[in-house]
Amino acid sequence: MAVDAESKVLIAEKEGVIPELLKLIALTPEKDGGVIESGLSCLVAISMAKRNKMKLVKFGGIRILSQLVSETNLSVGVTEKVLKLLETVSSSKEGRAEICEDERCVAGILHKVLKVSSVATEHAVTILWSVCYLFRDQKAQEAVTKANGLTKILLLMQSNCSAAVRQMAADLLKIFRVNSKSRLVYYDTNTTHIMPF
């Protein structure tokens, strides 16, 4: 039904559509993955308009998406759609603020890098790049650091990812390398470098 921008806005304007879709995707033991994926597909389709992104944030969508992204046993399709929605709302100031406030959400996003699919990795890296590099949110940077983000970014740089993902990972690496260098001043070790010859 949502084939053009105008119809997407009109659908989301209907009273209660976004809150009901959020209830539909809220993770409960009796929900099946197909129902959650269908609800996510609808939200992805209608959330492109700025007004709809704001509604998604206003009605607690980030909290529900955070719960979903933290789950380990979701299907690839569900995970990709959750990350796509998080990427969509991260383009708004309010969405970024909600994502950055929830340390579990940022850690869950980082955990999905290289674990699900190349599409999910691209969405996850885009979100992390947006909140940590582009907008330099301190809370998000701390959450990524706590979740061993530097190692994950280094692994991503060595993987077979697209040029765009590699560039975003390089930008993230600059931030976390600088942050880790400032912490290395206090790192005490007895390790000796051994020359190979």
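The protein has twelve helices and zero strands, and this holds for a model that is predicted. Reading along the sequence simply gives one α after another, in the pattern α-α-α-α-α-α-α-α-α-α-α-α. Of the 197 residues, 42% count as buried. Contacts also reach across the chain: among those between residues at least 6 apart in sequence, 69% join residues at least 24 apart.

What about the inside? In soluble globular proteins, nonpolar side chains tend to be buried together. Here the largest nonpolar core holds 50 residues, and Ile25, Leu86 and Ile109 are the ones that touch the most other members. Leucine 86 makes a handy example. Leaving aside residues up to four places away in sequence, leucine 86 touches Ile62, Leu65, Val69, Ile99, Cys105, Ile109 and Ile127. One of these partners, Ile109, is itself among the three core residues with the most touches, while another, Ile127, is a buried residue of helix α9.

Helix α9 is worth a closer look. This helix covers residues 118-134, and its buried residues are Ala120, Thr121, His123, Ala124, Val125, Thr126, Ile127, Leu128, Ser130, Val131 and Cys132. Cysteine 132 has a relative accessible area of 0%, so this residue counts as buried. Which cysteine sulfur is closest to the sulfur of cysteine 132? That would be the one in cysteine 100, but at 7.0 Å the two are too far apart for a bond. A disulfide is a covalent bond between the sulfur atoms of two cysteines, and a search of the whole structure finds zero of them. Another cysteine, number 161, is buried too, because its relative accessible area is 16%, which falls under the 20% cut-off.

Packing leaves a bit of empty space as well. The search of the whole structure turns up one cavity of 30 Å³ or more, with about 50 Å³ of space in it. Its lining is made up of Leu110, Val113, Val125, Leu128, Lys152, Ile153, Leu156, Ala169 and Leu172. The elements giving two or more residues to that lining are α9, α11 (149-158) and α12 (163-184). Which of the elements supplies the largest share of the lining? Helix α11 does, with three residues. By type, the lining residues divide into eight nonpolar, no polar and one charged.

Next come two residues with an unusual backbone. Most residues other than glycine have a negative phi. Arginine 136 is not a glycine, yet its phi is positive, at about 50°. Arginine 136 comes just after α9, in the loop between α9 and α10 (138-146), and its relative accessibility of 48% is why it counts as partly exposed. Asparagine 148 is not a glycine either, and has a positive phi of about 65°. This asparagine is found in the loop between α10 and α11. Asparagine 148 is partly exposed, because its relative accessible area is 46%.

Finally, is lysine 93 buried or exposed? Lysine 93 counts as exposed, because its relative accessibility is 64%, over the 50% cut-off. This lysine lies in helix α7 (residues 93-101). Lysine 93 and phenylalanine 135 are 42 residues apart along the chain, but their C-alpha atoms are separated by 9.5 Å.

Methods: Residues are numbered from 1 along each chain as its sequence is written. This is a predicted model: local features need pLDDT of at least 70, side-chain atom pairs count only at pLDDT 80 or more; totals for chains, interfaces and linings use all residues. Side-chain values use heavy atoms; hydrogens and water are left out. A nonpolar core is a set of buried Ala, Val, Leu, Ile, Met, Phe, Trp, Tyr and Cys residues joined through side-chain atoms within 4.5 Å. Buried means under 20% relative accessible area, exposed over 50%, partly exposed in between (1.4 Å probe, protein chains only). Contact means heavy atoms within 4.5 Å. Helices (H or I, at least four residues) and strands (E, at least two) are DSSP runs, numbered from the N terminus. On a 1 Å grid over the protein atoms alone, a cavity is a set of points where a 1.4 Å probe fits but cannot get out, and a pocket is an open set with protein on both sides within 12 Å along at least five of seven lines; lining residues have an atom within 4 Å of a point. Grid points are joined across faces, edges and corners, and a volume is the space filled by probe spheres set on the points. Ala, Val, Leu, Ile, Met, Phe, Trp, Tyr, Cys and Pro count as nonpolar, Asp, Glu, Lys and Arg as charged, and the others, Gly among them, as polar. A disulfide is a pair of cysteine sulfur atoms within 2.5 Å.
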